Amino acid sequence: MAKRTVQGKVAVITGSSMGIGKATAKLLASQGAKVVINGRTESRLQQAKQELERAGFEVLAVTADISTQAGASQLITETIKRFGKIDILINNAGMSARGYFEETDPEVLERMLQINVMGCLHPTKAALPYLETAQGSVVFVSSVAGIRGLPETGIYCATKMALTAVAESLKVELSDKGIHVGIVYVGITENDPGKRVIDKDGSYLLLKDRKQRNTQKPEEVAQAILRMVEKRQFKRILTLLGKLNAIANVLFPRLVDWVLIRSKEKIRKLNT
Ligand SMILES: NC(=O)c1ccc[n+]([C@@H]2O[C@H](COP(=O)([O-])OP(=O)(O)OC[C@H]3O[C@@H](n4cnc5c(N)ncnc54)[C@H](OP(=O)(O)O)[C@@H]3O)[C@@H](O)[C@H]2O)c1
């Protein structure tokens, strides 16, 4: 597939006031795209907007909760009002949760499905007519935790696996419409200070700094997303661990079960 540049394209990146979304917005903007950034917290989003504008990039910031139909519709409407088109939608906004299923509050399960699944479906639905006109791209940001269910993050795994089904179905349904569909399985990535995850009782936990040898940088994930859009790739699994996870689950599923059962207490401690 010939490489398409993002120069002059309009890219909407959900959940882009920090972390991977912000790094992706920065990278796409540095390649000549007009970027639309989004988040729920106005102050953090404005900070990100100023940072991008100081670098000389064209940026629109839309404060909206994209897990709701109204929020997603606001994001797309404001983008069209400002730029008149949408070429790229990166469904990046998402949250992680901690805790075994049996101890997790049902409200947390619903909230996770709302943010991570509906938070991709609503923006995609609202953007599709514009993506068709532009013959554009929609990319889903999944996780290597979306390849197989893991202990302690089961609901997160479930929401990210759901994105595989959505992307696979869309790829076929949209095959005659010229819209590129992509899904990227991201490995453990360095987090910005202030990254929160949802605890089993519904409260927020501040994630510890994960600057360690085996983590990727948000900028590396952003590069993978850019390449996916440029080359109109469908699936990419990032990190060696992610690739091994995918292969082992196909070839040796019972061995993977055995390893996870033996290490579940260690995984639990790592996550607390
Ligand atoms: N970091 C990792 O190790 C890792 C690994 C695999 C996959 N991923 C996936 O990569 C994506 C980004 O992760 P990250 O670590 O960069 O996240 P992050 O640092 O926690 O940032 C999340 C961003 O999404 C926004 N957001 C969350 N819920 C939202 C909502 N309902 N509506 C609008 N914006 C919302 C947040 O802003 P507000 O809170 O202000 O709304 C923030 O801008 C997620 O889908 C995540 O599951 C991350």
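**The ligand shell, helix α1 and strand β1**

In this predicted model, 31 residues surround the ligand, and those that come nearest are G15, G19, R40, T41 and G94. Two or more residues of this shell are supplied by each of α1 (19–30), β2 (34–39), α4 (106–134) and β5 (137–143). Helix α1 makes the largest contribution, with 3 residues. Sorted by class, the shell around the ligand holds 17 polar, 9 nonpolar and 5 charged residues.

Helix α1 is a good place to look next. Its 12 residues should span 16 Å at 1.5 Å a residue, and the C-alpha atoms at its ends lie 17 Å apart, so the two values agree. The helix is mostly covered, with 11 of the 12 residues buried. The buried set consists of G19, I20, G21, K22, A23, T24, A25, K26, L27, L28 and A29; G19 is also one of the residues that come nearest to the ligand. Just after α1, a positive phi of about 100° is found at G32.

Attention now turns to strand β1, which covers residues 10–13. Its side chains alternate: V10 and V12 point one way, A11 and I13 point the other way, and all are buried. Strand β1 pairs with β2 in the parallel sense over 4 bridges, and A11 has V35 of β2 as its bridge partner. The chain passes from β1 through α1 to β2, forming a right-handed β-α-β crossover. A parallel pairing also joins β1 to β4 (residues 88–91), here over 3 bridges, with V12 standing opposite L89 of β4.

Notes:
Residues are numbered from 1 along each chain as its sequence is written. This is a predicted model: local features need pLDDT of at least 70, side-chain atom pairs count only at pLDDT 80 or more; totals for chains, interfaces and linings use all residues. A residue is near a molecule or strand if its C-beta atom, placed from the backbone, lies within 6 Å of it. Ala, Val, Leu, Ile, Met, Phe, Trp, Tyr, Cys and Pro count as nonpolar, Asp, Glu, Lys and Arg as charged, and the others, Gly among them, as polar. The expected span of a helix is 1.5 Å times one less than its number of residues. A residue is buried if 20 or more other C-beta atoms lie within 10 Å of its own, exposed if 12 or fewer, and partly exposed in between; C-beta atoms are placed from the backbone. Two strands pair if DSSP finds at least two bridges between them. A crossover is right-handed if, with the strands pointing away from the viewer, the path from the first strand over the helix to the second runs clockwise.
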